[in-house]
Amino acid sequence: MPDSDVAIKVEHVDKVYKLYEKPSDRLREALGLSKCRHTDHSALRDVSLTIHKGETVGIIGTNGSGKSTILKIITGVLNPTAGIVSVEGRISALLELGAGFNMEYNGIDNIYLNGTMIGFSEKEIDEKLQSILDFADIGEYAYQPVKTYSSGMFVRLAFAVAINIDPEILIVDEALSVGDVFFQAKCYHKFEEFKEMGKTILFVSHDLSSIAKYCDRVVLLNRGVKLGEGGPKEMIDAYKKVLVGQYELPDDGGSEKVRLLDDDDVRRAAAEAADGVNVNPDLIEYGSQKAVITEYAILDENGTQTSAIIKGSDYAIRMKVEIKEDIPGPIFAYTIKNIRGTEITGTNTMLEKSFLEPVRAGEVKEIEFTQHMNLQGGEYLVSLGCTGFEEDVFTVYHRLYDVMGLTVVSDKDTVGYYDSESRVTVK
């Protein structure tokens, strides 16, 4: 495409922060009283990307990958250490909602303050004022000092100010899910309006369902380096590999190439990743410990350990159980509930009539439940258990509540908890 179709161009951008152990080290170095007393941290390394007018591009990556940093450089909040950034068009950025608000001013005053900072004249703000107030829907509180607002009212007003202007480029950083469910729906509707109008959108989110649904193209960052870019499904699959250590940056000071580890490295990385990727550090566990769940994982259709499953694909929940004492008939189970605590689904080996045998101390059992993912897109919690009956008394040997997080990635959600996978004909 010709340059006239380019909205944002980032060329070989680096961002390096100087880290000091204590403030006095910064002062001593600045005054030349001592040699270098800092260490360099590279937030971005040789990142290049081009976004064309009318595109919706997502940026994904783990925490600390540089997503917010690149957005702040594009919007001019930060300056790059090296490289060039060019932007063609007026930007509205949803980075830190309400960052420019004066807490002593009322809502109306803050609308004019923020509008002026964005670059609008008083007349232009006058024309947009009613649409901003209608969108925020905070009633008479618009005439009260912002410091009296609840957190919900604050983000509603901040979002309304940022979204109800007429930008050519919209930049969003984890800011769509604010307020109650009705306001969130309004925010997503506005986002879809922008997309339909052909606006250029740059979108950073951990919500992989939104990335899959809205983005034409996705950029994957990891530890400040661009690993790649492509279609949403391709990049989400690559991101899932990053989460479990199956992608590793070479030690060449910032190449954008990646290396796929060998099988032994993959197994070791996956085992190490289980402590930080999708495992709840505050899980609740209890039981007699006659059997102990020692390992667990969620696997996608390719057998890759992950915390994100594509809706419509097959997946598995796996656990390993060490038998400490003889048990007449252990029952292995899992349940999935939503973040509100409602149990959505689950099963066990007794219900499935798949294992009804006694086990002896010293045995190790590996259990894998494989099924089709037809939950709606969103966040869920997985619980695991090993139970049984001893002389007709139900006994819990080991139970792990909310042990793992599960993200269902979807670009089509229907009504309710499940997609009934309807086949529609219209004649």
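The protein chain exposes about 22,000 Å² of surface, and carbon and sulfur atoms supply 49% of that area. Please keep in mind that we are looking at a predicted model. As for what is tucked away, buried residues make up 46% of the 427 residues in the protein chain.

Let me give you the general layout. The protein chain has 9 helices and 20 strands. If we take contacts with a separation of 6 or more, 71% of them in the protein chain come from residues 24 or more positions apart.

Now, back to the surface for a moment. Which residues make a nonpolar surface patch of about 400 Å²? They are Met 350, Leu 356, Phe 389 and Phe 394. Let's pick out Leu 356, which sits in the loop between β17, residues 343–348, and β18, residues 364–372. Leu 356 counts as exposed because its relative accessibility is 61%, and the cut-off for exposed is over 50%.

That loop leads us to β18, so to speak, and to a sheet I'd like you to find on your screens. Three strands form this open sheet, in the order β13-β15-β18, with antiparallel pairing. At the edges are β13, residues 291–299, and β18, each of them pairing on one side only. On average, neighbouring strands of this sheet are turned by 15 degrees against each other, ignoring direction.

Let's walk across it. Between β13 and β15 there are 8 bridges, and the two strands run antiparallel. Here Ala 297 stands opposite Arg 318 in β15. Staying with Arg 318, its bridge partner in β18 is Glu 368. Strand β15, residues 314–323, is joined to β18 by 9 bridges, again antiparallel. Another pairing to look for is Lys 320, which stands opposite Glu 366 in β18. And a general reminder while you look: side chains in a regular strand alternate between the two faces of the sheet.

Finally, a helix. Is α2 mostly covered or mostly open? Helix α2, residues 67–74, is mostly covered, with 6 of its 8 residues buried. The buried ones in α2 are Lys 67, Thr 69, Ile 70, Leu 71, Ile 73 and Ile 74. Do notice that a lysine, Lys 67, is on that list. Then, just after α2, you come to Gly 76, which takes a positive phi of about 90 degrees.

So, for your own tour, you have three stops: the patch with Leu 356, the open sheet β13-β15-β18, and the mostly covered helix α2. Thanks for listening!

How values were computed. Residues numbered from 1 in each chain as written. Predicted model: local features only at pLDDT ≥ 70, side-chain atom pairs only at ≥ 80, totals over all residues. Heavy atoms only, no water. Patch = residues over 30% accessible without salt bridge, like charges linked within 9 Å, V, L, I, M, F, W, Y side chains within 5 Å. Areas by Shrake-Rupley, 256 points an atom, 1.4 Å probe, with all protein chains shown as cover. Salt bridge = Lys/Arg side-chain N within 4 Å of Asp/Glu carboxyl O. Helix = DSSP H or I, 4+ residues; strand = E, 2+ residues; numbered from the N terminus. Buried < 20%, exposed > 50% of the residue type's maximum accessible area, 1.4 Å probe, protein only. Pairing = 2+ DSSP bridges. Axes fitted to C-alpha atoms, helices over the stretch in contact; angles between N-to-C directions. Contact = heavy atoms within 4.5 Å.
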